[in-house]
Amino acid sequence: PRGVDIQLMSNLRCNVQILLDAMINAVMQASHEVVQTRHHLEWFWGSSPEGSVDALNHPVFCRDLGSLGWCSCLASGSQARLAGIGIPTGFEGHLILLEFMVFSGVWRWHGSVPLASFVAYALNWLVMIP
């Protein structure tokens with residue numbers, strides 16, 4: 001890298017830091033609007049805020065009352081790319097396979113798709129958020 005390139009990268013880094021600082025400051029100043037408590041049904045369905053995301057003037061952060069919501073992002077694992085399609089491997093792949101096996105077993109012995117779906121979802125919820 002030449003001196004000009006290093007100077008350009010430094011300027012870009014400073015601009016990104018300024019942008020992040022401004023965003024964090026805006027969130028802190030408007031924390032009463034930005035940090036919201038999610039109701040149980042909104043959390044269950046994973047629904048977006050009222051009026052959809054397009055209607056938001058600020059980003060929205062949901063209050064994590066159980067202090068374990070952050071760990072759900074750990075479920076995303078690596079993936080194998082075959083013909084441009086990502087097939088999950090690792091923890092996420094194992095969890096999908098476990099859900100499928102539980103669903104198949106409950107459906108086979110009880111013959112109820114809604115029950116099988118609920119049991120598989122409940123198991124996923126128990127694994128993801130202890």
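Student: What makes the pairing of Asn124 with Glu99 a polar contact?

Tutor: In this predicted model, the side chain of Asn124 sits 2.6 Å from the side chain of Glu99. A polar contact needs a pair of N or O atoms within 3.5 Å, so the pair at 2.6 Å counts as one.

Student: Why is Asn124 called buried?

Tutor: Its relative accessibility is 19%. Buried means under 20%, so Asn124 counts as buried.

Student: Where is Asn124 found, and which residues is Asn124 in contact with, leaving aside neighbours within four places in sequence?

Tutor: Asn124 belongs to helix α5, residues 113–128. With those neighbours left aside, Asn124 is in contact with Leu95 and Glu99.

Student: Let's turn to helix α4. How do you know that the reach of α4 is close to what is expected?

Tutor: Helix α4 covers residues 90–110 and has 21 residues. The expected span is 1.5 Å times one less than the number of residues, which gives 30 Å for α4, and the helix reaches 30 Å from its first C-alpha to its last.

Student: Which residues of α4 are buried, and what covers them?

Tutor: Gly93, Leu95, Gly105 and Val106 are buried in α4. Their cover includes strand β4 (85–88) and helix α5. Just after α4 comes Gly111, with a positive phi of about 70°.

Student: Glu92 is also found in α4. Why is Glu92 called partly exposed?

Tutor: The relative accessible area of Glu92 is 30%. Partly exposed lies between the buried limit of 20% and the exposed limit of 50%, so Glu92 takes that label. Its C-alpha is 9.1 Å from that of Gln79, although 13 residues separate the two along the chain.

Student: What makes Phe118 exposed?

Tutor: Phe118, which lies in helix α5, has a relative accessible area of 52%. Exposed means over 50%, so Phe118 qualifies. The C-alpha atoms of Phe118 and Phe103 are separated by 8.6 Å, with the two residues 15 apart along the chain.

Student: Now to charges. How do you know that Asp5 and Arg2 meet in a salt bridge?

Tutor: Their side chains come to 3.9 Å, N to O. The limit is 4 Å between a side-chain nitrogen of Lys or Arg and a carboxyl oxygen of Asp or Glu, so this pair counts. A search of the whole structure finds 1 salt bridge.

Student: Are Asp5 and Arg2 buried or exposed, and why?

Tutor: Arg2 is exposed, because its relative accessible area is 58% and the label needs over 50%. Asp5, at 31%, counts as partly exposed, because that value lies between the two limits.

Student: What makes the nonpolar surface patch, and where does Met23 fit in?

Tutor: Val16, Leu19, Leu20, Met23, Ile24 and Met28 make a patch of about 620 Å². Met23 has its place in helix α1, residues 3–29. A patch residue needs over 30% relative accessible area; Met23, at 48%, counts as partly exposed, so Met23 passes that cut-off.

Student: And what is the overall layout?

Tutor: The protein has 5 helices and 4 strands, running α-α-β-α-β-β-β-α-α from the N terminus on. Of its 130 residues, 10% count as buried. The protein exposes about 10,400 Å², with 66% supplied by carbon and sulfur atoms.

Terms used: Residues numbered from 1 in each chain as written. Predicted model: local features only at pLDDT ≥ 70, side-chain atom pairs only at ≥ 80, totals over all residues. Heavy atoms only, no water. Patch = residues over 30% accessible without salt bridge, like charges linked within 9 Å, V, L, I, M, F, W, Y side chains within 5 Å. Areas by Shrake-Rupley, 256 points an atom, 1.4 Å probe, with all protein chains shown as cover. Helix = DSSP H or I, 4+ residues; strand = E, 2+ residues; numbered from the N terminus. Buried < 20%, exposed > 50% of the residue type's maximum accessible area, 1.4 Å probe, protein only. Polar contact = N/O pair within 3.5 Å; in protein donor to acceptor, adjacent residues only side chain to side chain. Contact = heavy atoms within 4.5 Å.
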